[in-house]
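Colleague: I would like to go through the labels on this model one at a time. For each, please give the value and the criterion behind it.

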Amino acid sequence: MACNSSTCNSSGCYKEYEEEEQHKSKTRAEVKGSNIRQNLCVKCKSSEPVCCGIGGEDSRFCKDCFKNNLYGKFKQAVTYNAMITPPDKVLVAFSGGPSSRVLLQFVHEMQYRAQKNYDASKDKSLPVFGVGVAFIDESSTNSFASQQIEKAIEDIRSIVSNLAPPSKELFVVPIESIFSSDGIDCKERLKKLLDALGDVTGKEDLLIHLRMLSLQKIASENGYTRVVLGSCTSRIACHVISATVKGQGYSLSADIQFVDSRWEIPVVLPLRDCPAQELNTLCSLDGLKIVETPNGPFSGINGLVSSFVKVLQEENLSRECTIVRTAGKLTPFHFNRIPEIQDSNVPSATRRHHRRHGLKSNGSLSSESFCAICNSPLKKSNSSSSLTNESPQPSNRFVAACSSCQFQILPKDPSLMEQFLPLLPHPMITRAKHGDRGNVSSLREQIQDFLLSDGDDEI
Amino acid sequence: MEADTKSKKPGARLCCACNQRRAALKRPKTLEQICRECFYAVFEEEIHQVILENKLFKHGERIAIGASGGKDSTVLAYVLSELNRRHNYGLDLFLLSVDEGITGYRDDSLETVKRNELQYGLPLKIVSYKDLYGWTMDEIVKMIGLKNNCTFCGVFRRQALDRGAALLKVDKVATGHNADDIAETVLLNILRGDIARLSRCTSIITGEDGPIPRCKPFKYTYEKEIFSTYAYFKKLDYFSTECIYSPNAYRGFAREFIKDLERIRPRAILDIIKSGEDFRIATSTKMPEQGTCERCGYISSQKWCKACVLLEGLNRGLPKLGIGRNQGLNSDAKKDVKEDGRTKSIESKQCGSLEF
């Protein structure tokens, strides 16, 4: 509940309210009084506080405790969700902003400590996980960005090179390279694709989907096993509201968990419980450099939601946390956990077995179908809504897409659709062609062992 | 409304539905150009379809329409009696009004309802807070101030409606909650962490397992369509002032946002409702256990129903009683009766986010 009081009362009897009220006001006065008198960090009670967490008066920390508190949240998220294990190679998505800067710093620190342990250990049994950094350069979508982007990239290079040892590979990839394999100029194709969209919000969202595809591409081509995003509480709160507003209530719970394995390379969000305000504070406390990139602020629906959440946050500092906590009570999907495989010491038969069942928690068939554009799970009961039937479609091909993408990204006119689809990057086209993407291949894997070779009777 | 509703344009557009008459307005829901007659027709037909598809009424039922005199309930009364006649629903319709005792507001709007009684030929029953609880809202506000008054009003009104419905011996209560209201409620419940309410608030019928179920025929109807088009064009008699005690309601945030949203993308209101219906919420979180209040016998999930708790507070001079720290759910969903469109009552009076 949104109740800010630390005690809760389940009975309806009025007597309890009264006594509690008196008791609570007494203790609150005491605590407040003592803290103010001593002016000490609320955690270690020895140093002077330099900053506030979002709890306001009640969470004044000294620099070390503040940092440890934040790092602690990160570490707990990583451990509890098995996000990073020794043989992993993790790709940190870096945008230059404060959240990704803190993310990079924390991942580095974790790697650094692991390295020291490794160096100090005798048997060298636990290898250190690898870390790479990816920056997706979206300057081609933004006409006045070219000079600023050069400087930004330089800054990013120096940040990453300073975070060694252990050294980290940096990938600076223009977003249009998602179209790599085709002949026509990639920038042109991207421009054509974006121009085909009439809706501002649709454009912004499509770019976000392309960005994820870029990260996936870099990760899979370079042997990375995890993509790490710096999405913080504030970003996720905005996503909760904007997904609601776009009619994506069904798939919302898939996007806001710690782990998202519907992608080829699982995506993890270790900063999910860290508010942007605290991350900003940490950057200024620790002198962590933030790189300004010329991607403009959001407009359209995303911008509206952003300002709305800001207004709410001003009215009550814990509103973002409440929003994320509420959304956290929605039921996640089976792919919102780390698939249980990957150890190379495991025999291949076991691995195959795990691969078949890895994405499911209880052995039931995973039969989600996904939107071609945004990869969100489609609600089955309105199976007709996964077809483009909002406008009558004479075309024989159906494109599995969620209602939001159908409205704001896909063209309404079926004849335009014929021209539009080939503009999409390859992974989306593949998803569009095979409506139930996961279904056919995972089904086949399930029965792989029982299929006889060609020429014999097959199931 | 759009500026070009009534202006004469050279080469004026034709109605997109009949292609004969000149388009008089742009439909807020779809932005289509449409003439008045076709607009009335499609407006009424959509509501008729909602009633059919969701099986809101059965032939021969007695239905009380929660009537405040505001635009939503006035239009609801008008449309329901029209459709009842036109499509032979066979319903016995009544107007049920609640008098909270707010001078300069409720007494005026009640006059409107009394006029509606004559205009539509629907029998009217008025229940008042004074009779039921011994307190008017004016007296309550004098005692508790302007912070949590919407809580009291909402809780009391809910029970008042049920008691009035029982007196009228009706089978169902229909309220004028429109799409904007429900969208606001979905957002509010997200903002305030009320996952249980979130799972129920988009239902078009609620309280089916209780004494008197309620339904919202206007669930998919835009407030703008009710207000500046239907009521305006048909010159229906309604009352349109904001409740004088409401300016601080938290619902105002959500309302502002939705108004801005509607400007950019009108269908977003229905999308919010769709999201609300689609949220994956475990059924175990849905219903609190339902018992009865020890003091008054009304349905309650606690020992005392919320109204009794609040009343106790008032009578003992403890204005904060029942406000602010109740974690448990109280009675079942306390949905507001739709008063006039401007009442910004707090949907959930339980739990302490009344921190303004």
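The exchange below takes up chain B and then chain A of a predicted model.

Colleague: What makes Ser68(B) count as buried?

Modeller: Its relative accessibility is 1%, and buried means under 20%, so Ser68(B) meets the criterion.

Colleague: Where does Ser68(B) lie?

Modeller: Ser68(B) is in the loop between β3 (62-66) and α2 (71-86) of chain B.

Colleague: What makes the pair Ser68(B) and Gly70(B) a polar contact?

Modeller: A polar atom of the Ser68(B) side chain lies 3.0 Å from the backbone nitrogen of Gly70(B). The limit is a pair of N or O atoms within 3.5 Å, and the 3.0 Å of this pair fits that limit.

Colleague: Which residues carry the "binding site" feature in UniProt?

Modeller: The UniProt entry, which is unreviewed, places that feature at Gly66(B), Ala67(B), Ser68(B), Asp72(B), Val98(B), Gly176(B) and Asp181(B). The annotation comes from the record and may be inferred rather than shown by experiment.

Colleague: Val98(B) is on that list. Is Val98(B) buried or exposed?

Modeller: Val98(B) has a relative accessible area of 3%. Exposed would need over 50% and buried needs under 20%, so Val98(B) is buried. Val98(B) belongs to strand β4 (residues 92-99) of chain B. Beyond its neighbours within four places in sequence, its contacts are Ala67(B), Arg106(B), Val127(B), Tyr129(B), Arg157(B), Ala160(B) and Leu161(B).

Colleague: Why is β4(B) called largely enclosed?

Modeller: Because six of its eight residues are buried.

Colleague: How do you know that β4(B) pairs with β3(B)?

Modeller: Pairing requires at least two bridges, and five join β3(B) to β4(B), the two running parallel. Ala64(B), for instance, stands opposite Phe94(B) in β4(B). Strand β5 (residues 124-128) of chain B is also joined to β4(B) by five bridges, again in parallel. There Ser97(B) has Ile126(B) as its bridge partner.

Colleague: Which path does the chain take from β4(B) to β5(B)?

Modeller: The chain passes through helix α3 (residues 106-120) of chain B, in a right-handed β-α-β crossover. A right-handed β-α-β unit is also made by β3(B), α2(B) and β4(B).

Colleague: Turning to chain A, what makes Thr281(A) buried?

Modeller: The value for Thr281(A) is 18%, and the cut-off is under 20%, so Thr281(A) counts as buried. Thr281(A) is found in helix α9 (residues 276-286) of chain A, and apart from residues within four places in sequence it contacts Cys51(A) and Phe66(A).

Colleague: How does the span of helix α7 (residues 233-245) of chain A compare with the expected one?

Modeller: The 13 residues of α7(A) reach 18 Å from first C-alpha to last, close to the 18 Å expected at 1.5 Å a residue. The helix is mostly covered, with eleven of its 13 residues buried, including Ile236(A), Val240(A) and Val245(A). Just after α7(A), Gly247(A) has a positive phi of about 80 degrees.

Colleague: Why are β5 (169-174) and β7 (259-260) of chain A placed at the edges?

Modeller: The open sheet has six strands in the order β5-β4-β3-β6-β8-β7 (chain A), with mixed pairing. β5(A) and β7(A) each have a single partner strand, so one side of each is left without a neighbour in the sheet.

Colleague: What makes β6 (residues 226-228) and β8 (residues 267-268) of chain A a pair?

Modeller: Two bridges in the parallel sense, where at least two are needed. Val228(A) stands opposite Val268(A) in β8(A).

Conventions: Residues are numbered from 1 along each chain as its sequence is written. Chains are lettered from A and ligands numbered from 1 in the order in which they are written. This is a predicted model: local features need pLDDT of at least 70, side-chain atom pairs count only at pLDDT 80 or more; totals for chains, interfaces and linings use all residues. Side-chain values use heavy atoms; hydrogens and water are left out. Helices (H or I, at least four residues) and strands (E, at least two) are DSSP runs, numbered from the N terminus. Buried means under 20% relative accessible area, exposed over 50%, partly exposed in between (1.4 Å probe, protein chains only). A polar contact is a pair of N or O atoms within 3.5 Å; within protein, one must be able to donate a hydrogen and the other to accept it, and residues adjacent in sequence count only if both atoms are side-chain atoms. Contact means heavy atoms within 4.5 Å. A crossover is right-handed if, with the strands pointing away from the viewer, the path from the first strand over the helix to the second runs clockwise. The expected span of a helix is 1.5 Å times one less than its number of residues.
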